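Colleague: Before I use this model, I would like to go through the terms in its description and ask what stands behind each one.

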Amino acid sequence: MDVRTAKKKFIGQRITRNEDPRLLTGQALFVDDVHLPDMLHAAFLRSDYAHARILSIDTSTARERTGVVAVYSAEDMGDFWQEGPLLVPPPTSVEGAIFHKRGQIPLAKDKVRHAGEPIAVVIAHSRYMAEDALADILVEFEPIDPVINLERALGSDAPLVHDDLESNLAAHVVQEKGNYEEAKAKADLVISRRFNIDRGAAAAMENRGVVASWDDKAQELTMWDTTQAPIPIRNGTAAMLGLSEHQVRVIAPFVGGGFGPKIMMFQPEEVLVPWVAIKLNRPIKWIEDRRENFLATTQERSQVHDSEIALTRDGRILGVKDIFIHDTGAYDPYGMTVPLNTQCHAMGTYDVPNFYTEVKMAFTNKMIVTPVRGAGRPQGIYVIERLLDLATKELGLDPIEIRKRNFIPPDKFPYEHNIIDQAFTPLILDSGNYQPLIEKAAAMIDYEHFINEEQPKLRAEGKYAGIGIVAFIETTGVGPYEGARITVGASGQVNVVTGVGTQGQGHFTSFAQIVADQLGVEVRDIHVVTGDTAQFHWGTGTFASRGAVVAGNAINAAAGNVRAKILKLGSKLLNVPEEELELAEGQVRVADLPEQSISLGELAVIANPLRGTVDPGTEPGLESTDYFGPQYGATAAGVHAMILEVDPETMMVEIKRYVTVEDCGTVLNPLILEGQIQGGVSMGIGNAFYEQLVYDEDTGQLLNASFMDYLIARSTDMPPRIEMGHQETPSPLNPLGSKGAGEAGAIPVPALFAQALENALADYNLEILETPLSPNRLFELLHKKEN
Amino acid sequence: MKLQGEYKFDGPRDVVWDLVRDPDVLAKALPGTQSLEKVDENTYEGKMNVRIGPVAGLFSGKLVVSNEVPPESYTLNVEGKGGPGFGKGGGDVQLIDQGDGTTLMTYQGELQVGGTIANVGQRLIETVANSMAKQAFESLNRSLQARLIGEAEGVEVEYQAPSELEFASGVAKDIVGQLFSPEYKNVWITLVVAAVALLIGYALGKSESS
């Protein structure tokens, strides 16, 4: 056996979280907990217009207000005013792709392109003073018609969001596998529909926030930031400010939820706060309020799809065609991650031989779109699952049967799709076994029993109850890489440091479990540090459901190296071959004679001698740094099922039962995994029936920028219990065999909800072709049907 | 957002016409107006306090009268902005002589709002706008009565414009009134919301008097 692998004692266990005592007793540091002497506060003047030319900005009155220290508009920024970078590469690896980069800008200069775009920043002794001074700033606007509707955005007479472009087309990517048109010609059944998908908010409990402090004597900048990507923020901030990376420390402390928008880098507030801190040589704090979060934190989901499926009479998919417009908002700093994910998920779990996908990405006068938990995947899954549901009805098949007939069979993995994914590598599904997932989910929810016995009974009682079952994949764990350093201290305590940030994923526990298995120490004795660039220098961040896969395997590799060091030194000191040693209870000991042992603390001291000599090439201490970068992403999968009941008078929907069966490879900690799924499902239920950001088509105003009007799904909207099953198909792409699960819960819910609703309202023969729905919208759809 | 409605003034058309073209009278009739100055024959500039649900603030703006056909009709365009956002609208106003000594005013127009009032106050804008219009007309009508009595008796009659407090409670009443319309079937929800609306009215009154 390779010394770098240990027996699994802790991986896979339901271990309660190391971080919870601190979080639950208020000991955890969040950005707003940072209070520094002489700290000033920032408030941003944001555009009330969605689209307007700025004729003049007059900040003179604001500057004179009591408590105001400084006011800056774009003009005051000089050379520091720059268009932000492209955060992911352009889709050049796809032949014929068009992409126009328009990065986010720190403060609007001659034009505002979405309501909520920052125009000026006021620095004052308190946030109250700063906000009062915002009303003193005089901006003269010349309003322009806003571009809101997606199809009109690409029309030839649409006003231009970016005047230097010929149209509002931000990008155009066509990808094809096989030949759809040939497949269509042979089909027994072709179904085409238009699907409308609208925006929602990530709505993390903690809004964004930045504190920056410049130490003039040390010439060092420290930034506390609610970011999911502290190391790229450190690198980018240093570059923008003309500092070396070593002069900038970015700390992403505890963050109250990321869900995607906090990976979005170099947002205006993040760029300006450190710049002002250096300029004024005073610490500056900015904490986003909820209205700012609605207006100016990135959002996701809006797309319009014209989709088509071609099938044989017995329900086998011959091909899928999907042409869609993707709304990128006012700028496109995040490239095409979201629409590429949509393209890569529009074949779902199925063996689709012919696929044509075309996306036109449109600039609009709405907030920028970047990934939000799901990141384009829910839209792709919505399209394919809805198409299959429509086919099911046409062919008189069973929803489970049609899926089983089309699943990629287990012997076809790794399965090559021959299109490019969000990481610009060919889309290959590394592993999977889908049929048992649907069988298990169907058994858990008693599918047959419900259809044959319960539902007829409920119908007879006048109840509109329905069942749904859908399957999905999630591409996870993408590269490029993450790293970790593991050190055994003189007290025997193990320190694990990694570059990714943490926003509630339980990293302090699941990462500790990996190390605990390698080093034979208790999970509670392992101290994990994330998101501090002074502690670890390399990495990219927490996104794309990659923490457990990429950082997890880097930690596993570094821990394996430390294990090897311990065994080598232990073997020398105990005079026993390495194979006869074991690591347990914080000791290295002879497996058969446990009393012959040395504690890891003692060993750490010996490994770091104060005097004498060491062998050539010896690295001091029980420490190792290692990295992991997968060849390509690991693909997770799952099947969700639900039973719901519709109140025919109020159109409210009650979810009676909810079942998930997920396969995310090796489960590190079922408790944490179930928490992730639970959170994802609740977000998905919001996406399906409650949460919609409503923009006025005439004015571009966001009409529900508060929790009074934006209906976030509450605990009372959840099913009484989410029943979860697991299946483990380890990924062959990483030693732990893990796959991501952070986004999975949210992905299939809108598609599942639509199927279950149609089933419940079978009498009306309703077709649901849009998401999110709402009781109002459901009423309208039924009313239209009745007339 | 479309605005339209009508109001019957208890007085002859000529007097009503003079009234609605008098900035001092208008300033008094529009609740929350701090100032309204005539800039030229057809343009007025002023400042006004507006409160829509949780959003409140001072707006400064411009009012332009055009297409004037005395005493029958005119077009009104309004533009205003302030801390809580902006509003822009326009509409046509007709004064119809009813032949019985009364005058029917009809109006139809459009209003666009942006910023916080649109983001957060959306649900209440229509009710508040209608309520403001209604109260302004009632106030104008009282002013009209005062003027008519004054003319008849040859004395100046002092007209007392409503305070912002009276206005705020009027808005609260209108919100409650709307909730009791037949589309709200659920009595409990209505009662709870009504209680909240009354509390808001009470709180506004408190903050106004303090």
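The exchange below takes helices, sheets and contacts in turn.

Modeller: Note at the outset that this is a predicted model.

Colleague: Why is α10(A) called roughly parallel to α18(A)?

Modeller: Helix α10 (residues 377–395) and helix α18 (residues 749–760) of chain A pack at an angle of about 25 degrees, and their axes are 8 Å apart. Angles under 35 degrees count as roughly parallel, so that is the term for α10(A) and α18(A). The crossing of α10(A) past α18(A) is right-handed.

Colleague: Which residues of α10(A) and α18(A) meet?

Modeller: From α10(A) they are Pro378(A), Ile381(A), Tyr382(A), Glu385(A), Arg386(A) and Asp389(A). From α18(A) they are Pro750(A), Ala751(A), Ala754(A), Gln755(A) and Glu758(A). By class, this contact has six nonpolar, one polar and four charged residues.

Colleague: What makes α17(A) oblique to α18(A)?

Modeller: Helix α17 (residues 670–689) of chain A packs on α18(A) at an angle of about 55 degrees, with the axes 8 Å apart. Roughly parallel needs an angle under 35 degrees, and roughly perpendicular runs from 65 to 115. The angle fits neither class, and therefore α17(A) is oblique to α18(A). Here too the crossing is described as right-handed.

Colleague: How many charged residues are in the contact of α17(A) with α18(A)?

Modeller: There are no charged residues, against seven nonpolar and two polar. On the α17(A) side the contact includes Val681(A), Gly684(A) and Ile685(A); on the α18(A) side are Val749(A), Pro750(A) and Phe753(A).

Colleague: What is the span of α15(A) set against?

Modeller: Helix α15 (residues 547–574) of chain A has 28 residues, and 38 Å separates its first C-alpha from its last. The span expected at 1.5 Å a residue is 40 Å, and the value is close to that. Just after α15(A), Asn575(A) has a positive phi of about 60 degrees.

Colleague: Now the sheets. Why are β4 and β30 of chain A called edge strands?

Modeller: The open sheet has seven strands in the order β4-β8-β16-β15-β14-β9-β30 (chain A). Both β4 (98–99) and β30 (770–771) pair on one side only.

Colleague: How do you know that β4(A) pairs with β8(A) at all?

Modeller: Two strands pair if there are at least two bridges between them. β4(A) and β8(A) have two bridges and run antiparallel, so they qualify. Phe99(A) has Ala171(A) in β8(A) as its bridge partner.

Colleague: What makes the pairing in this sheet mixed?

Modeller: Both senses occur. β8(A) and β16(A) run antiparallel, joined by eight bridges, whereas β15 (residues 317–329) and β16 (residues 354–363) of chain A pair in the parallel sense over 10 bridges. In the latter pair, Ile325(A) has Lys360(A) as its bridge partner in β16(A).

Colleague: Which strands does α9(A) touch?

Modeller: Helix α9 (residues 337–345) of chain A packs on that sheet against β8, β14, β15 and β16 of chain A, and its direction makes about 160 degrees with that of β16(A).

Colleague: What is the strand order in the other open sheet?

Modeller: It is β3-β6-β1-β13-β10-β11-β12 (chain A), again with mixed pairing. The edge strands are β3 (68–73) and β12 (248–251) of chain A, and the twist averages 20 degrees from one strand to the next.

Colleague: How many residues form the contact between chain A and chain B?

Modeller: The contact joins 15 residues of chain A with 11 residues of chain B. The chain A side divides into seven nonpolar, four polar and four charged.

Conventions. Residues numbered from 1 in each chain as written. Chains lettered and ligands numbered in written order. Predicted model: local features only at pLDDT ≥ 70, side-chain atom pairs only at ≥ 80, totals over all residues. Helix = DSSP H or I, 4+ residues; strand = E, 2+ residues; numbered from the N terminus. Expected span 1.5 Å × (residues − 1). Contact = placed C-beta atoms within 7 Å. Axes fitted to C-alpha atoms, helices over the stretch in contact; angles between N-to-C directions. Parallel < 35°, antiparallel > 145°, perpendicular 65-115°, else oblique. Left-handed = near helix turned anticlockwise from the far one by under 90°. Nonpolar A, V, L, I, M, F, W, Y, C, P; charged D, E, K, R; others polar.
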